[in-house]
Amino acid sequence: GGRPAPLLDNPSVALCVVLMIMNAVQFLVSSGGVIASKLIGQECKGSQINVFIMVTGMESMLAGCFFMYLAFIEQENDRKWACFAAISGVVVVIQVLSTIWGAEEVVREFLNKSCNDASDALRYAIVCTVNFAILSTCTALSVKL
């Protein structure tokens, strides 16, 4: 009865590294979008495009750190692995919601044409939206695996 729970090996170190790298790429794209829009002075007035780009950068930085942490864990008990899986599930939900938000913003700006003077910012938003769709799919698959 009083024995400690057995430690289980990390089932997916390589997958954690892949997710960490994908989140790092997303962070670089988001950072590039923020820097470019500030340097060139491209901001979609009355739009959330630039906010979306900044938020995706912050989200990907946090998710990347989480997956880096997971990649360095060799063994843990089943409760901890269940907790990590739940956190990964929350990451998926947040990424899916961000993808939907980004898609809504991009479609709105295409229809309203209010970002005509900020086409680079709009392109960065499209890339961030597509990246987040891919990220959320890969993260969801990792939780399932």
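**Close-up views of a predicted four-helix model**

**View 1. A71 and the residue N10.** A71 is found in helix α2; helices (DSSP H or I, at least four residues) and strands (E, at least two) are runs numbered from the N terminus. The model is predicted, so local features need pLDDT of at least 70 and side-chain atom pairs pLDDT 80 or more, while totals for chains, interfaces and linings use all residues. Residues are numbered from 1 along each chain as its sequence is written, and side-chain values use heavy atoms, without hydrogens or water. A71 counts as buried because its relative accessibility is 13% (buried is under 20% relative accessible area, exposed over 50%, partly exposed in between, with a 1.4 Å probe and protein chains only). A71 and N10 are 61 residues apart along the chain. Between the C-alpha atoms of A71 and N10 there are 8.0 Å.

**View 2. The whole chain, for orientation.** The protein chain has four helices and two strands. Read from the N terminus, these elements come in the order β-α-α-β-α-α. The chain thus opens with a strand, two helices follow, and a second strand comes before the last two helices. Helix α1 covers residues 13-40, and the other helices are α2 (49-71), α3 (78-112) and α4 (119-144). The C-alpha trace spans about 65 × 25 × 20 Å along its principal axes. The chain has 145 residues, of which 37% count as buried.

**View 3. F67 in helix α2 and the residue T139.** F67 has its place in helix α2. With a relative accessibility of 1%, F67 counts as buried. The partner shown here, T139, is 72 residues away from F67 in sequence. In space, the C-alpha atoms of F67 and T139 are 9.9 Å apart.

**View 4. L15 and V17 in helix α1.** Both L15 and V17 belong to helix α1. L15 is partly exposed because its relative accessibility is 26%. V17 is also partly exposed, at a relative accessible area of 30%. L15 is shown together with C83, from which it is separated by 68 residues along the chain. The C-alpha atoms of L15 and C83 lie 17 Å apart.

**View 5. The salt bridge between R108 and E105.** A search of the whole structure finds one salt bridge, which is a side-chain nitrogen of Lys or Arg within 4 Å of a carboxyl oxygen of Asp or Glu. The side chains that meet in a salt bridge here are those of R108 and E105, at 2.7 Å from N to O. Because R108 and E105 are three residues apart in helix α3, about one helical turn separates them. The two residues differ in burial class: R108 is partly exposed at 37% relative accessibility, whereas E105 is buried at a relative accessible area of 6%.

**View 6. V106 in helix α3 and the residue L122.** V106 also sits in helix α3. V106 is buried because its relative accessible area is 9%. Along the chain, 16 residues separate V106 from L122. The distance between the C-alpha atoms of V106 and L122 is 6.8 Å.

**View 7. The largest pocket and its lining.** The largest pocket has a volume of about 280 Å³, the space filled by probe spheres set on grid points joined across faces, edges and corners. A pocket is an open set of points on a 1 Å grid over the protein atoms alone, where a 1.4 Å probe fits, with protein on both sides within 12 Å along at least five of seven lines; lining residues have an atom within 4 Å of a point. There are 15 lining residues in the largest pocket, and P11, S12, A85, S142 and V143 are the closest to its centre. The elements that each give two or more residues to this lining are α1, α2, α3 and α4. Helix α3 gives the most, with four residues. By class, the lining holds 11 nonpolar residues, four polar ones and no charged ones (nonpolar are Ala, Val, Leu, Ile, Met, Phe, Trp, Tyr, Cys and Pro; charged are Asp, Glu, Lys and Arg; the others, Gly among them, are polar).
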